[in-house]
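Colleague: I'd like to go through the wording used for this model. Could you take me through some of it?

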Amino acid sequence: MQKQPIFRSKLLPYALVAPQLAIVLIFFYWPALQAVIQSFLLQDAFGLSTSFVWFENYVELFSEPAYFETIVRTFFFSFAIAASSLSVALLLAVMADKPLRGGAIYRTLLIWPYAVAPPVVGVLWVFMLHPSLGVLSRYLRAAGIEWNPLLDGDQAATLVILAAAWKQISYNFLFFLAGLAAIPKSVLEAAAIDGARPMRRFWTVTFPLLSPTIFFLLVVNIVYAFFDTFGIIDTMTRGGPGKSTETLVYKVYNDGLIGGNLGSSAAQSVILMIMVIVLTGIQFRFVERKVTY
Amino acid sequence: MALRHFGAAAAFAVTVGLTASPALAITEIQWWHAMTGANNDVIVKLANDFNASQSDYKVVPTYKGSYPDTMNAGIAAFRAGNAPHIMQVFEVGTATMMAATGAVKPVYKMMQEAGEKFDPKNYLSAITGYYSTSKGEMLSFPFNSSSTVMWINLDELKKVNAEIPKTWPEVFEVAKKLHDNGHPTCGFSNSWVTWVNLEQLSAWHNVPLASKANGLDGFDTKLEFNAPLQVKHLEKLVELQKDKTYDYAGRTNQGEGRFTSGECAIYLTSSAFFGNVKAQAKFNFTAAPMPYYPDVKGAPQNSIIGGASLWVMGGKSADEYKGVAKFLTFLSDTDRQVYIHKASGYLPITKAAYDKAKAEGFYKDQPYLETPLLELTNKEPTENSRGLRLGNMVQLRDVWAEEIEQALAGKKTAKQALDASVERGNTMLRQFEKTAVK
């Protein structure tokens with residue numbers, strides 16, 4: 001069958017895409033290009049002296065063992081955040097999907113945290129778990145746990161993961177809920193008639209049918225953990241203690257804006273960009289095939 | 001820039017025509033700062049008073065966030081070609097600003113060109129030394145200066161029958177007593193961990209933090225604070241951290257509430273903490289000089305300043321500089337300095353203002369406000385106590401704090417932590433040296 005031309009004018013489709021294209025060009029391609037250029041330069045903070053140094057910024061970065069530690073840490077954070085927020089959100093969604101009295105209230109409350117800005121999330125958790133001010137830390141201390149995220153790196157990391165995951169649960173919950181609603185009841189009923197118990201029904205029917213949602217959320221969550229946790233880290237720990245909560249994005253900010261080392265900061269952004277492109281590429285290419293639709 | 005301003009002014013003049021008021025001749029002077037609360041009120045009042053005192057210039061103060069935020073905003077604005085005239089930069093940004101020849105206008109030069117009367121000798125050298133070249137040329141104008149003091153909760157000390165400690169061993173002893181009697185979570189603590197425990201500690205004991213007079217004599221400076229004194233001090237803190245006789249309170253001043261709430265009865269931090277202490281502390285307090293190690297010969301030496309100074313940005317017109325110069329003269333006025341001192345707790349920067357405050361008996365009721373001045377002028381400054389000028393200082397402090405945190409957490413020994421601080425810091429200094437304008 002021959003496709004009907006929807007647009008009479010040849011220019012109209014381009015004109016309609018133009019605003020979107022302009023936004024992408026101005027806010028993505030242009031700064032990205034600038035970052036690439038900057039990464040080959042050695043420049044003082046004021047931009048008064050500039051010299052072209054080829055790959056020196058990259059070489060220096062990779063000769064720094066701390067950089068590898070930051071990469072490993074970032075991946076660990078991402079998986080920890082994605083895994084915990086996805087599993088909790090799935091559990092909550094399955095529960096909320098059941099016919100409940102006042103279900104709408106539960107659902108609304110569960111979606112609420114998504115409206116909170118990351119730095120506010122950081123401040124909230126800091127207040128609850130501050131070693132000397134926090135309400136929760138008082139209970140922890142009463143329970144005999146030596147709670148001091150100002151000095152204990154593992155505790156600080158836990159705190160950041162907790163806060164970041166908490167914020168993302170709402171978003172995941174929303175998608176899972178939609179995903180669950182799209183699963184045909186007849187399939188589940190058929191499984192029930194065949195004698196499958198709820199757990200078995202979940203793992204053999206619901207979970208596979210949810211896999212596109214899970215896959216989509218996994219990508220979104222990892223990207224979230226890579227980039228959007230900046231506000232949480234900045235308000236909670238500023239990358240400390242030691243370097244135990246410094247992720248790649250935080251290092252970009254720290255080296256570039258605080259340290260005034262724009263070349264290295266730009267090089268790190270470029271590497272980060274490549275990482276995310278590769279990550280997304282791999283997932284869409286290989287993982288997508290295994291996802292049952 | 002100037003041309004564009006002229007164009008805009010001309011266009012405006014034409015539209016307004018003959019009704020043009022004298023207000024048109026006013027030159028605006030942008031002043032970016034990082035002051036909040038009561039200190040912000042002081043800034044606004046200073047600008048208003050200046051604007052009311054004459055009709056040619058108008059100072060417009062704008063709050064730009066924290067110290068690093070303000071500096072970054074200024075740098076970004078400079079790159080975009082619209083820097084403010086005056087920018088408040090904290091002391092650790094000094095090396096970065098100094099290295100930016102062309103981006104800044106040295107204050108002594110601007111005053112000379114504007115024909116303002118300006119004698120560097122009128123200012124307290126302990127303060128201006130930090131912002132001057134080795135030849136004594138003032139590069140920036142000290143605005144708000146402070147120093148490290150030891151805040152003491154007198155009521156709590158009385159409860160354990162302790163005198164105000166003078167030396168570090170005495171501090172440890174009193175802290176132990178406090179810890180065992182009602183302060184299990186904090187015997188003593190401090191803000192600005194590196195400023196207090198490395199930078200001030202070194203100056204106060206006349207030992208170098210870095211070579212080349214702590215960087216004042218050149219960007220090819222090397223860090224040297226992994227020496228016995230600093231290692232010994234950190235070892236002691238690590239030991240006391242174990243049972244919280246000392247308890248770490250973070251890198252910046254976020255832990256200061258622990259003093260005003262009464263949790264920590266001994267707390268080392270900036271003298272500028274005064275405003276908050278006065279407003280919040282429900283106990284008798286004072287500020288004592290920093291403690292010292294009595295076995296170090298010649299200690300205590302003198303302390304160095306903290307706080308911020310006003311940098312004049314480059315590339316403005318002669319008329320604009322004239323206004324800035326007039327404003328700086330206005331700020332140097334003795335009565336005005338006394339006012340700033342009293343209102344904010346920051347130190348007066350001229351000798352005349354210090355003398356006047358003394359003559360008024362200001363320190364009789366509040367002796368703790370003189371403590372930082374006594375510390376700063378305790379002895380004639382040496383190579384090790386004139387000040388610091390290290391590039392990338394903001395990030396250097398973070399690196400040092402990271403290492404100290406690892407030592408306090410027991411992951412490294414004090415010596416290992418300071419060795420690593422020095423090594424990582426030196427790498428950053430070399431990086432800065434490469435990019436600094438020669």
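Modeller: Sure, starting with strands: strands (E, at least two residues) and helices (H or I, at least four) are DSSP runs, numbered from the N terminus, and two strands pair if DSSP finds at least two bridges between them. This is a predicted model, where local features need pLDDT of at least 70, side-chain atom pairs count only at pLDDT 80 or more, and totals for chains, interfaces and linings use all residues. Residues are numbered from 1 along each chain as its sequence is written, while chains are lettered from A and ligands numbered from 1 in the order in which they are written.

Colleague: How do you know that S6(B) and strand S9 (residues 285-288) of chain B pair?

Modeller: Four bridges join them, running antiparallel, and the definition asks for at least two. Ile152(B), for one, stands opposite Thr286(B) in S9(B). S6(B) also pairs with strand S8 (residues 266-270) of chain B, antiparallel over five bridges, with Val149(B) opposite Thr269(B).

Colleague: Why is Ala162(B) called partly exposed?

Modeller: Ala162(B) has 19 other C-beta atoms within 10 Å. Buried takes 20 or more within 10 Å and exposed 12 or fewer, with C-beta atoms placed from the backbone, so partly exposed is what lies in between.

Colleague: What makes H19(B) roughly antiparallel to H20(B)?

Modeller: Helix H19 (residues 393-408) and helix H20 (residues 414-435) of chain B pack at about 160°. Angles run from 0 to 180 degrees between N-to-C directions, with axes fitted to C-alpha atoms over the stretch in contact. Under 35 degrees is roughly parallel, over 145 roughly antiparallel, 65 to 115 roughly perpendicular and the rest oblique, so this pair counts as roughly antiparallel.
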